[in-house]
Amino acid sequence: MTKLSFKEQILQGIPEILPAKKAYNNTVNHAPTRKEILTEEEKKLALKNALRYFKPRHHEELLAEFKEELEKYGRIYMHRFKPDYEIYARSIEDYPGKTPQARGIMLMIQNNLDPKVAQHPEELITYGGNGAVFQNWAQYLLTMQYLAQMDDEQTLVMYSGHPMGLFPSHNKAPRVVVTNGMMIPNYSKPDDWEKFNALGVTQYGQMTAGSYMYIGPQGIVHGTTITVLNAGRKIAKSGEDLEGKLFVTSGLGGMSGAQPKAGNIAGCITVCAEVNPKATQTRHSQGWVDEVISDLSELGIRVKQAKENKEIVSIAYQGNIVEVWEHFDRENIYIDLGSDQTSLHNPWAGGYYPADLSLEEANKMMAEDPEEFKKKVQESLRRQVKAINAHTAKGTYFFDYGNAFLLEAGRAGADIFADNGRDFKYSSYVQDIMGPMCFDFGFGPFRWVCASGNEKDLEKTDAIAAKVLEELKENSPQEIQQQMADNIKWIKGARDNKLVVGSQARILYADAEGRIKIAKAFNDAIARGEIGPVILGRDHHDVSGTDSPYRETSNIYDGSQFTADMAIQNVIGDSFRGATWVSIHNGGGVGWGEVINGGFGMILEGNKESEERLKSMLFWDVNNGIARRSWARNEGAVFTAKRAMEMEPRLQLSIPNMVDSRLLD
């Protein structure tokens, strides 16, 4: 039989002839086995749900295999159907399809599943332990086939990884609309999510995993760098930088893997603990962490040396973070900045590993004795908080990194609450840093991907963005001069910091004006033939896209931080203002049920239509959040809302009247 080309394999979708069963791949990181949650009748339903992707003549052969996967892993991944071709972000021209918009989406899907990018590529999980692009490989094959067949008057509808089909629409409609994990509220408890995911009817899409906009750990490096820099400014006694200061944190997986790189860029000493040797090896081999140490005594000696020499160095501790906090307390090693970025939104299924258990022991216990594992996690959290409290009593500035650390520590009964017994004694980084310093002024993580795959295109876009920002900075108000300066420094050093993993992508914090002008400059360069098409997007962790009371909207204090109007309005507004694809998720970053977040992608083709779309959509995508933050009486957002109305006379926002609090006393 003639071997099919890459394009032909995409176009065939689910193959008529079953591919051979595949051997288990031991060379990549695998998702932990999920706990057994289904009844015997529900297991039958899960198998029926999986088999409906295939012709009846294949059911008998596939049944035993899918049953084995369900029993062995707790999920049906359909490993047999993982394609034999390499999965990575090719040039947009290498994909089959009738429209560049569909080909660009295919590129982004493959980037999310690239083994160099994805945390558990065999299980279609991009990051966060359970942040999935699809539930199984049949969904991947069918989605790619639909995209290859789509024209510019059709829209593909995605239900939690499942492609419902192509629907007639029009050329200004999104090409793809994605929903993930959108449970009915009364069926939105942790065991509900586990059960319905195991049944194959919903999935946790994280933030940029299930919306095809993940760009590797670079996606969070810039935000982490800004966070560490501004945390350093908060503790500075006389305007000094972070030279010789120590930042201690944990997690080297998907998003958390950015922390040591950000620490180097910010100019401090970083110690980042990680229990999974494969994650540590990946980050070390990529140059994202400088050194690896597995002995606590050696770690203490090395940190003291780095402090004495005022080095800029990042060190991965191969072990548990609880041990680091406790050892540094005993050795009286002063920690200037402390945080934690383990995936505590997913504490019972591999997001957090308790102290005193090996990785293997923990993985075995979470599958076979989940109740005991939960006790171990909560015991470990209480120990960790006790050690953190000992350091903060000495002057350490500790902040929650938006991964539900404070939330789960509080639920575990740790000494984490303030004197009123309601609030946490530590702020989240959004409350203290990103909210008032960035989001309230409209600055958030604007992203782009050079769809040609050409490194030279990325260099050119970096230069274009830097030039636009420098021009904008000259006339920017004093209130945002620091943000502008930080971003210009970032983009000028981006190439030297070797941030690219996977697609030729970049991230830059910018406000609405900056995003629109940078995007227009890209579109003009495409029209002149200087660069190929560009795919725009953002992290959902932004000004407008996400309602998350313990992270993105944690600095909203009018009571609306527990509502989700902003995220829903955001994705609706993006969809009719020109986005190429839109997504809305229940869950992301801090956990399923804890957040609603929306995202978009937009493909610039160098034409007038692209210019009209980018101006309309990017303005809304930021200023929707500015309007909400302003109405919540956030001072920076009120300033930004008034400035936005001056720049665009057609914008009319409700501005709050301030109340003298003495009237209420």
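Begin by selecting Ser 211, which sits in the loop that runs between helix H6 (190–198) and helix H7 (218–235). The model on display is a predicted one. With a relative accessibility of 3%, Ser 211 counts as buried. Display its side chain and look for the backbone oxygen of Met 207, which the side chain reaches at 2.8 Å. Then show the contacts of Ser 211 beyond its neighbours within four places in sequence: these are His 540, Trp 581, Ser 583 and His 585.

Next, select Tyr 212. Not counting residues up to four places away in sequence, Tyr 212 touches Ile 105, Met 108, Ile 109, Asn 112, Val 133, Met 158, Val 176, Val 178 and Trp 581. Tyr 212 is also among the residues with the most contacts inside the largest nonpolar core, which has 139 residues. To see others in that group, add Phe 66, Ile 109, Tyr 140, Val 176, Trp 448 and Leu 536. Another core, of 44 residues, lies apart from this one; select Val 248, Val 271, Phe 405 and Leu 406 to see some of its members. In soluble globular proteins, nonpolar side chains tend to be buried together.

For a nonpolar group on the surface, turn to Ile 568 in helix H19 (residues 565–577). Ile 568 is partly exposed, at a relative accessible area of 34%. Together with Met 182, Ile 572 and Phe 576, Ile 568 makes a nonpolar surface patch of about 370 Å².

The remaining stops concern salt bridges, of which the whole structure holds 48. Select Asp 192 and Lys 189, whose closest N and O atoms are 3.3 Å apart. Asp 192 is buried, with a relative accessible area of 11%, whereas Lys 189 is partly exposed at 49%.

Move on to Asp 329 and Lys 394, a salt bridge with the closest N and O atoms 2.6 Å apart. Asp 329 belongs to helix H11 (residues 321–330) and Lys 394 to the loop between helix H13 (370–392) and strand E11 (397–398), so the pair ties together parts that are 65 residues apart in sequence. Asp 329 is partly exposed, at 28% relative accessible area, and Lys 394 is likewise partly exposed, at 36%.

Finish with Arg 515 and Asp 542, whose side chains form a salt bridge of 2.9 Å, N to O. Arg 515 lies in helix H18 (residues 512–527) and Asp 542 in the loop between strand E14 (534–538) and strand E15 (546–547), so this pair joins parts that are 27 residues apart in sequence. Both residues, Arg 515 and Asp 542, are buried. Add Arg 538 and Asp 621 to the selection to display the network of salt bridges that links them with Arg 515 and Asp 542.

Notes. Residues numbered from 1 in each chain as written. Predicted model: local features only at pLDDT ≥ 70, side-chain atom pairs only at ≥ 80, totals over all residues. Heavy atoms only, no water. Patch = residues over 30% accessible without salt bridge, like charges linked within 9 Å, V, L, I, M, F, W, Y side chains within 5 Å. Areas by Shrake-Rupley, 256 points an atom, 1.4 Å probe, with all protein chains shown as cover. Salt bridge = Lys/Arg side-chain N within 4 Å of Asp/Glu carboxyl O. Helix = DSSP H or I, 4+ residues; strand = E, 2+ residues; numbered from the N terminus. Buried < 20%, exposed > 50% of the residue type's maximum accessible area, 1.4 Å probe, protein only. Polar contact = N/O pair within 3.5 Å; in protein donor to acceptor, adjacent residues only side chain to side chain. Contact = heavy atoms within 4.5 Å. Core = buried A, V, L, I, M, F, W, Y, C linked by side-chain atoms within 4.5 Å.
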